[in-house]
Amino acid sequence: GDPLKVKVNKLTSIKTQLPYSYYSLPFCTPEKIVDSAENLGEVLRGDRIENSPYAFTMQEPQLCTVLCRIMIDAKTAKQFKEKIDDEYRVNMILDNLPLVVPIKRLDQASNTVYQLGYHIGLKGQYAGNKEEKYFIHNHLAFTVKYHRDLQTGSSRIVGFEVKPYSIKHEYEGKWSEKTRLTTCDPHMKRMVVNSNTPLEVEVNKEIIFSYDVEYQESDVKWASRWDSYLLMSDDQIHWFSIVNSLMIVLFLTGMVAMIMLRTLYRDISKYNELETQEEALEETGWKLVHGDVFRPPSNSDLLCVYVGTGVQFLGMVLVTMIFAVLGFLSPSNRGGLMTAMLLLWVSMGIFAGYASTNLYKMFKGAEWKKIAAKTAFMFPAIVFVIFFVLNALIWGQKSSGAVPFGTMFALVFLWFGISVPLVIVGGYVGFKKPAMEDPVKTNKIPRQIPEQAWYMNPIFSILIGGILPFGAVFIELFFILTSIWLNQFYYMFGFLFLVFIILLITCAEITIVLCYFQLCSEDYKWWWRSYLTSGSSGLYLFLYAAFYFFTKLEITKLVSGLLYFGYMLIASYAFFVLTGTIGFYACFCFTRLIYSSLKID
């Protein structure tokens with residue numbers, strides 16, 4: 001007998017990716033519309049959670065409850081038709097569970113797939129008529145599933161489902177609050193079970209909204225009520241992707257081990273013996289460039305900034321993953337993942353400052369404040385500009401996905417109030433620490449780089465380097481893109497963590513292998529090359545996003561397309577910075593290791 005609060009969330013569409021608030025369409029409204037408090041992540045996703053006129057009472061079924069009656073004018077009709085055209089769905093929430101429409105799969109006997117939210121309406125034709133009409137779902141048959149606790153006798157809600165129908169309601173006489181419908185009358189045993197007499201969206205006609213509620217006891221315990229939402233995809237493909245990635249890793253590990261053992265061992269022992277004249281003449285390869293290998297690169301400041309930003313990302317991704325694997329960020333905590341990532345990004349600023357100034361000091365730099373400031377501003381500023389432009393576009397569409405001014409201010413505060421000071425502090429500490437000593441002395445005069453073979457061309461080797469790290473993650477990437485753009489839940493954090501570890505190893509190893517080949521052909525400019533080699537997987541990520549856009553998404557609107565590519569550009573840029581940093585540090589450790597084992601007089 002307790003009242004249940006049904007809340008309405010945004011209207012969403014896979015076709016436009018622009019969310020709208022529920023009451024942007026003239027649905028039935030409660031006496032006073034109350035906004036629920038939303039966290040940072042929810043606001044950024046465009047969730048707008050408000051109360052609704054639906055009144056449920058626990059375990060008291062209702063039949064044919066009339067919600068309200070509205071008259072359609074030309075403007076309303078146009079609004080409804082546009083939203084039906086773009087396949088918008090209504091999202092509702094009961095006891096923190098999203099509303100789903102169960103859809104029976106024809107190919108599998110037992111399987112029911114759940115679609116988040118019900119479609120506002122649909123397009124169709126009458127038999128023998130070519131003209132497309134728009135029909136609205138005005139009768140909702142809700143099913144609330146509950147689990148009864150035998151000890152206490154109380155019940156908890158474990159499911160919230162709906163079947164939407166379109167029906168042209170009829171009644172006798174004039175419409176008043178107490179009018180009984182003839183098309184749906186529990187006393188006459190008349191129920192709505194199909195949409196055989198659908199309700200068309202026409203100007204100057206009425207729409208009567210009605211609903212049923214039935215209660216079903218369920219065996220699903222409250223703790224596992226989210227399982228049916230999350231167990232949508234089969235695990236096999238994820239295992240396949242991990243095995244596929246592990247093959248790449250094993251292959252690369254083998255190569256790295258071979259280089260390390262055979263070449264280095266032989267090279268170092270040979271180099272350290274007093275070799276004969278002929279051997280000395282034949283001596284080519286990485287040892288010849290020992291006097292140049294630690295010469296600071298051109299644009300070394302920028303490299304320091306990028307490495308710092310990458311460290312910040314790495315920290316954020318690792319900690320977020322660990323939290324997610326431990327189950328702190330389940331989808332039932334709406335917006336939790338987004339909020340956690342933002343806060344972690346901000347707090348990891350201290351490591352970014354430390355990494356960039358320490359590297360800068362190794363390059364014999366003196367102005368650490370400049371580097372720390374660049375690290376604090378460069379990446380966030382670029383992202384912020386893209387984000388701001390996209391937000392302006394969404395605003396122009398009057399969508400609820402536009403970030404309100406207050407939230408924008410909160411983001412700027414997080415950046416300037418927390419992130420920037422932390423980067424500066426980290427920078428100060430990093431610059432105070434003694435810089436690493438180079439294992440070999442750098443010559444005064446740089447030596448000439450001999451002409452390189454075509455396959456050692458920087459652009460070619462950089463593009464080759466990005467393929468393998470991308471190859472290791474791209475199957476998992478498909479699921480992540482699907483969950484973001486096709487409105488499904490993503491909950492494979494265990495798999496994601498494994499894939500991420502594999503990504504780290506792949507980036508490190510491919511960079512080491514290519515770096516070694518580069519040094520062997522007497523090209524000692526490895527600093528930037530090592531960063532770009534694994535970082536180029538960001539480029540492949542963007543190309544894959546474009547491929548995904550044209551093959552899987554049905555986006556037709558220009559704004560929605562710009563939105564998709566804008567966000568994917570930010571994601572690819574972040575991926576570039578993350579993978580590039582991993583590659584850089586791997587190569588950095590590798591060169592220090594091999595050159596410190598040489599005895600050079």
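**How domain 1 meets domain 2**

In this predicted model, the centres of domain 1 and domain 2, taken over C-alpha atoms, are separated by 40 Å. Domain 1 covers residues 3–229, while domain 2 is assembled from three stretches of the chain, 235–242, 299–433 and 473–597. Where the two domains touch, domain 1 contributes 30 residues and domain 2 contributes 33 residues.

A helpful way into this interface is its area. The size of an interface is often given as the accessible area lost when the parts come together. Here, domain 1 and domain 2 bury about 2700 Å² between them, and 60% of that area lies on carbon and sulfur atoms. On the side of domain 1, Q17, L40 and L44 supply 23% of the area buried against domain 2, more than any other three residues.

Polar interactions also cross the boundary. Nine residue pairs in polar contact are found across the interface of domain 1 and domain 2, both residues being at pLDDT 80 or more. Turning to secondary structure, β1 (3–12) and α1 (40–45) are the elements that give two or more residues to the side of domain 1 touching domain 2. Of the elements, α1 gives the most, with six residues. Sorted by class, this side of domain 1 holds 13 nonpolar, nine polar and eight charged residues. One salt bridge is found across the interface. A salt bridge joins K557 and D86, with their closest N and O atoms 3.4 Å apart.

Q17 deserves a closer look. This residue sits in the loop between β1 and α1. Its relative accessibility is 15%, so Q17 counts as buried, the cut-off for that class being under 20%. Leaving aside residues up to four places away in sequence, Q17 touches W485, I555 and L563. With W485 there is a polar approach as well: a polar atom of the Q17 side chain lies 2.8 Å from the backbone oxygen of W485.

Strand β1 offers a second residue to visit, L11. Because its relative accessibility is 0%, L11 counts as buried. Setting aside residues up to four places away in sequence, the residues that L11 touches include L18, P19, Y20, F27, Y88, V90 and I120. The last of these, I120, is 109 residues from L11 along the chain, yet the C-alpha atoms of L11 and I120 are separated by 8.9 Å.

Conventions:
Residues are numbered from 1 along each chain as its sequence is written. This is a predicted model: local features need pLDDT of at least 70, side-chain atom pairs count only at pLDDT 80 or more; totals for chains, interfaces and linings use all residues. Side-chain values use heavy atoms; hydrogens and water are left out. Domain bounds come from an automatic or database domain assignment. Contact means heavy atoms within 4.5 Å. Buried area is the accessible area (1.4 Å probe) that two parts lose on being put together, summed over both. A salt bridge is a side-chain nitrogen of Lys or Arg within 4 Å of a carboxyl oxygen of Asp or Glu. A polar contact is a pair of N or O atoms within 3.5 Å; within protein, one must be able to donate a hydrogen and the other to accept it, and residues adjacent in sequence count only if both atoms are side-chain atoms. Helices (H or I, at least four residues) and strands (E, at least two) are DSSP runs, numbered from the N terminus. Ala, Val, Leu, Ile, Met, Phe, Trp, Tyr, Cys and Pro count as nonpolar, Asp, Glu, Lys and Arg as charged, and the others, Gly among them, as polar. Buried means under 20% relative accessible area, exposed over 50%, partly exposed in between (1.4 Å probe, protein chains only).
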